[in-house]
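Work through the exercises below with the sequence and the model at hand. Try each task before reading its solution.

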Amino acid sequence: MRQTLALLFPLFLIASVCSAQQKLPPPAWAKMPQEAESARRAFSPQLRSELAQIREAAMQDDYAYEELEHITDSIGPRTQGSAQADAAVYYVADELRKLGLDVHLQPVPVRQFLRGKDAAELVEYPGQVAGAKQKIVLTALYGNAPTPEGGLTGDVVVVHSFDQLKALGRKKVAGKIVLFEVRFDSRQAMAGHSGDAYEDAVEYRDMGAQAAADAGAIACLVRSAGDGAYRLPHTGWSTDANIPAAALAAEDADLIARLAEKGAVKIHLSLPTRVGPEIQSYNVIADLKGSEHPEQVVIVSGHLDSWDLGTGAIDDGAGVVVAMETAELIHKLNLHPKRTIRVIAWMNEEAGATGAATYAKEQAGEVTNHYAAVESDEGAEHPLGFKAKISAAGQHELSPVQDALRSIGANLIQLVPDSPATDIEPLADKGVPAFAVWQDALKYFTYHHTPADTLDKVVPEELRENAACIAVLGYALANMEGPLAK
Ligand SMILES: [Zn+2]
C-alpha cells in the first residue's frame, strides 16, 4: 500500500499541473496580431481589395514618370512667376482635365526671382602667390539684395553658430562679410533622418542674413544647406535682410574656413540676382468629385514651382506627378471615391508659400469639410510610409493602409507634432489630418536646390512606389466609413 501510494503520487502531481496549465490564458507575447475594432469598422473588405488593386496598378504604371519627363525635360525650371511656371500650370491643368477632373486655377501673388550672373573670388588670403586669385562657387539666395555696380569687397568673418556671431559683437563684424560655416549632418541623413539634418542647417540659410545684418555685416554667406558633394551650391529662400546673401558650395566654405584660420581673407562678390515686384501666378486645383459626399475633400498634392538652377525633378515635380497619378489610377480602374479627391499643384512653396496661404484663406469657411490633406515634397526615393500629424486613434484606424503598402516596404506611419509638409501646414494648424509621403531621402539633400536636380535622379521603380503610397492613402481617406478619429 505504501509502495503504491508512493508510485501514484508523482502521477497526481503531473495531472494537476497539466490541468492548471490548460486553464491559463496564452502568454501575451504569443497573441495573434489584432487589428483595432475602429479599423475593422472603417475599412470594408471591398475597400481593402480596391487598395490592393490601386497598389498593383501603380507598380505597373508609367504615367507619373512620363508626366515628370515633360515637366522637367520639356518645360524645365519653374521659378514662381516665370513663363515656364505658367506653362507648367496650364499643362498640369489640361492633363487633369483629360482625366475628367473639374479644374480651376486659383490666382496666387508671387514675386519673381530674377537671377543674374553670380560670381565671387578671393582677392587676398594667407599664402597667396603673386597674381593668383581663387574662384569661389556660390549662388545668390532669394532675398538677396544685389551688390552695387562693380561688386563689393570685404573681409570674411567665419562663424559656426548664431551664438558665436553674437559673442563676436558688432565691433568685430560691422563692415565685414559673415560666413556661416555650419555643416549639414550627412551621417544623420544616411541614418534616415535627412529632414532633421536639413532643419538644423537650413536655419542659417533662412535667418543668417538677418543675423549678419543686425550685427552690421555688409553681406552674408552660408555653407550650402545640403550634402557637400560635387562642388554644387544649393540655392533657396533667405529672409529679406537688405544685404547681399549667397550660399557657397561646401568645398568653398571649407576652403575659406581653412584659410581664415591662418589669417585675413578678403572676398569680392558680384551678386546681381534680385527679387522682382509682385505678379500673379496660380495654384492648380482639380476635383475628382465624390459620389456620396462631394463636399467632403481629401487633398493629394505637391508643389509645381521649383528653383532655377535645376529642372525641379525631385523638388517637387515628383510630388506633383504622383498626386496626378492618384487621379489617373482611379480613372483607369474605374473606381469611384465617396468623397472628393482634390489634386493640388501648389504654387510658390519655395519663396514664401503664398499658394498655400491663398488656398487656406479662401477655404477658411470650408475647413471642417477637409477630411485630410496629403503632400509629397521630399523627392522620389524609396518611401517608408507616411509622416502624419494625426491622433493615435487615427493611426490605429489606418492599419489597413499599412497592410496595403507592406509588400512595397512602405508601411510605416510616424506621428509628428507639426505639419509634415509646408503647403498643407495652414490646414494642419486648423486640425485637418495632415500626411506627407515619407521617403528615405538618402540622396535628396545632395541634389536639393542645385543644378543637379534633374530627371535622371528619379528612379522609375521608386517613383512608382511613391505613386502607390499617395494613391492608396488618398483613396483610403476618401472612402473610409467616417472621418479619421481626432
Ligand atoms: Zn519642395
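## Exercise 1: A buried acid and its partner

D252 is buried, with a relative accessible area of 0%. This is a predicted model.

**Task.** Which side chain meets D252 in a salt bridge, and where do the two residues lie?

**Solution.**
- Step 1. Find the partner. The side chain of R231 meets that of D252, at 2.7 Å from N to O.
- Step 2. Place the pair. R231 is in the loop between β7 and β8 (245-248), and D252 is in helix α8 (residues 250-262). They are 21 residues apart, and the pair links distant parts of the chain.
- Step 3. Check the cover of the partner. R231 is partly exposed, at 38% relative accessible area. D252 falls under the 20% limit for buried, with a value of 0%.

## Exercise 2: Two more salt bridges

**Task.** Describe the salt bridges R223 to E181 and R464 to E461. What separates the partners in sequence?

**Solution.**
- Step 1. Take R223 and E181. Their closest N and O atoms are 3.0 Å apart.
- Step 2. Locate them. R223 belongs to strand β7 (residues 219-223), while E181 sits in the loop between β6 (177-180) and α7 (186-214). The separation is 42 residues, and the pair links distant parts of the chain.
- Step 3. Read the accessibility. R223 is buried at 8%. E181 is buried at 7%.
- Step 4. Turn to R464 and E461. Here the closest N and O atoms are 2.7 Å apart.
- Step 5. Explain the spacing. Because R464 and E461 are three residues apart in helix α15 (residues 460-479), about one helical turn separates them. An α-helix has 3.6 residues a turn, so residues three or four places apart point the same way.
- Step 6. Compare the cover. R464 is buried, with a relative accessible area of 18%, whereas E461 is partly exposed at 38%.
- Step 7. Look for a network. D102, D287, K289 and R342 are joined into one by salt bridges that share partners.
- Step 8. Set this against the whole. A search of the structure finds 24 salt bridges. The chain carries 43 positive and 65 negative side chains. The centres of the two sets lie 6 Å apart.

## Exercise 3: Helix α5 and its surroundings

**Task.** Which residues of α5 are buried, and what covers them?

**Solution.**
- Step 1. Get the dimensions. Helix α5 (residues 83-98) has 16 residues and reaches 23 Å from its first C-alpha to its last. That is close to the 22 Å expected at 1.5 Å a residue.
- Step 2. List the buried residues. They are A85, A88, V89, Y91, V92, A93, E95 and L96.
- Step 3. Find the cover. It includes α4 (63-75), β1 (102-114), β10 (274-288), α9 (313-332) and β12 (339-346).
- Step 4. Look past the end. G100 follows α5 and has a positive phi, near 90°.
- Step 5. Look at the loop before it. Q80 is found between α4 and α5. Q80 counts as buried, at 1% relative accessibility.
- Step 6. Name its contacts. Leaving aside neighbours within four places in sequence, Q80 touches residues including A85, V110, Y142, D305 and M347.

## Exercise 4: Backbone exceptions

**Task.** Where is the peptide bond from D315 to D316, and which residues other than glycine have a positive phi?

**Solution.**
- Step 1. Start from the usual case. Most residues other than glycine have a negative phi, and most peptide bonds are trans.
- Step 2. Inspect the bond. From D315 to D316 the peptide is cis, with omega near 0°. D316 is placed in helix α9.
- Step 3. Inspect phi. Examples include N242, at about 65°, and N334, near 55°.
- Step 4. Locate both. N242 is in the loop between β7 and β8. N334 lies in the loop between α9 and β12.
- Step 5. Check exposure. N242 counts as exposed at 65% relative accessibility. N334 counts as exposed at 57%.

## Exercise 5: The whole chain

**Task.** How many helices and strands are there, and what share of the residues is buried?

**Solution.**
- Step 1. Count elements. The chain has 15 helices and 16 strands.
- Step 2. Read the burial. Of 486 residues, 56% count as buried.
- Step 3. Read the contacts. Among those between residues at least 6 apart in sequence, 83% join residues at least 24 apart.
- Step 4. Read the surface. About 21,000 Å² is exposed, and carbon and sulfur atoms supply 54% of it.

Definitions and conventions: Residues are numbered from 1 along each chain as its sequence is written. This is a predicted model: local features need pLDDT of at least 70, side-chain atom pairs count only at pLDDT 80 or more; totals for chains, interfaces and linings use all residues. Side-chain values use heavy atoms; hydrogens and water are left out. Helices (H or I, at least four residues) and strands (E, at least two) are DSSP runs, numbered from the N terminus. Buried means under 20% relative accessible area, exposed over 50%, partly exposed in between (1.4 Å probe, protein chains only). Contact means heavy atoms within 4.5 Å. Accessible areas come from the Shrake-Rupley method with a 1.4 Å probe; for residues, only the protein chains shown count as cover. Lys and Arg count as positive and Asp and Glu as negative; His and the chain ends are not counted. The place of a charge is taken as NZ of Lys, CZ of Arg, CG of Asp or CD of Glu. A salt bridge is a side-chain nitrogen of Lys or Arg within 4 Å of a carboxyl oxygen of Asp or Glu. The expected span of a helix is 1.5 Å times one less than its number of residues.
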